[in-house]
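Reader: Please show me the structure. I would like to ask some short questions about it.

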Amino acid sequence: MSKEQTPIRSICVYCGSQGGRDPAQLQAGRTLGKSIADHGLRLVYGGGTRGIMGAVASGVLSAGGHVTGIIPEFLMDKEATRHSLGQLNELVVTADMHERKHKMFERADAFVALPGGIGTLEEIVEIMTWAQLGRHRKPMVFGNINGFWNPMMELIQHMRDQGFVHTAHLVQPLVIDRAEDIVPGILASAAAKGRDGEAEIIAKM
């Protein structure tokens with residue numbers, strides 16, 4: 001695998017299609033979106049225009065940034081409306097969830113998990129799994145808004161302590177508490193290490 005460093009151009013954000021019960025979570029979505037745009041980066045996300053997903057996209061668009069939404073056709077009327085999807089800079093409609101996740105991976109240089117449900121958890125865990133298997137070295141971040149991901153961090157540490165995270169040095173997500181610190185954290189992490197050649201990674205998936 002190549003260790004050539006690639007600059008961060010786009011950030012994939014995983015998060016809830018609902019707003020959650022803590023208003024700080026929606027605000028974090030908007031703040032992160034604005035920060036992505038302010039740093040001249042592109043948002044890649046699941047295409048939803050409601051909940052925290054919608055807040056992130058709105059934050060990017062309102063700050064003049066570029067948004068790519070990637071959504072399976074069967075979710076277009078569940079997580080969004082066709083009118084609101086038309087406001088995105090780019091919309092990619094996939095046949096299924098597997099294709100969606102693959103395209104999100106292809107187009108992203110880093111990954112962020114904001115608060116969300118089972119789908120959000122599944123997406124970031126899969127990215128961590130690919131990292132553990134040596135398929136990528138793209139930065140991974142848990143946006144730990146008001147401690148939302150603390151139980152997850154405890155579980156990961158428990159798995160490490162029990163000897164089940166066999167390549168722990170490859171699974172080192174950043175845990176960042178404030179939305180405004182996420183993009184600077186990603187950029188600093190990327191500057192500190194290179195990442196694998198993208199074409200080679202995708203070919204191995």
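Author: Below, each question is followed by a short answer. This is a predicted model, where local features need pLDDT of at least 70, side-chain atom pairs count only at pLDDT 80 or more, and totals for chains, interfaces and linings use all residues. Residues are numbered from 1 along each chain as its sequence is written, and side-chain values use heavy atoms, with hydrogens and water left out.

Reader: Is Thr120 buried or exposed?

Author: Thr120 lies in helix α5 (residues 118–132). Helices (H or I, at least four residues) and strands (E, at least two) are DSSP runs, numbered from the N terminus. Buried means under 20% relative accessible area, exposed over 50%, and partly exposed in between (1.4 Å probe, protein chains only). Thr120 has 3% relative accessibility, so it counts as buried.

Reader: In which strand is Ile176 found?

Author: Ile176 is buried, because its relative accessible area is 12%. Setting aside residues up to four places away in sequence, Ile176 touches several others, including Val141, Phe142 and Ile182; contact means heavy atoms within 4.5 Å. Ile176 belongs to residues 174–176, which form strand β7.

Reader: What separates the C-alpha atoms of Ile176 and Gly147?

Author: Along the chain, Ile176 and Gly147 are 29 residues apart. In space, their C-alpha atoms are separated by 9.6 Å.

Reader: Which residue is the bridge partner of Phe111 in β6?

Author: Strand β5 (residues 111–113) and β6 pair in the parallel sense over 3 bridges. Two strands pair if DSSP finds at least two bridges between them. Both faces of β6 (residues 140–143) are covered: Met140 and Phe142 are buried on one side, Val141 and Gly143 on the other. In β6, Phe111 has as its bridge partner Met140.

Reader: Which element gives the largest share of the largest nonpolar core?

Author: A nonpolar core is a set of buried Ala, Val, Leu, Ile, Met, Phe, Trp, Tyr and Cys residues joined through side-chain atoms within 4.5 Å. Of the 34 residues in the largest one, Ile11, Val13, Ile36, Leu43, Val112 and Leu114 touch the most other members. Elements that give two or more residues to this core include β1 (10–14), α1 (23–38) and α2 (51–62). The largest share, 5 residues, comes from α2.

Reader: How many residues are in the second, separate core?

Author: Among its members are Val44, Ala113, Met152 and Met153. The second core has 22 residues.
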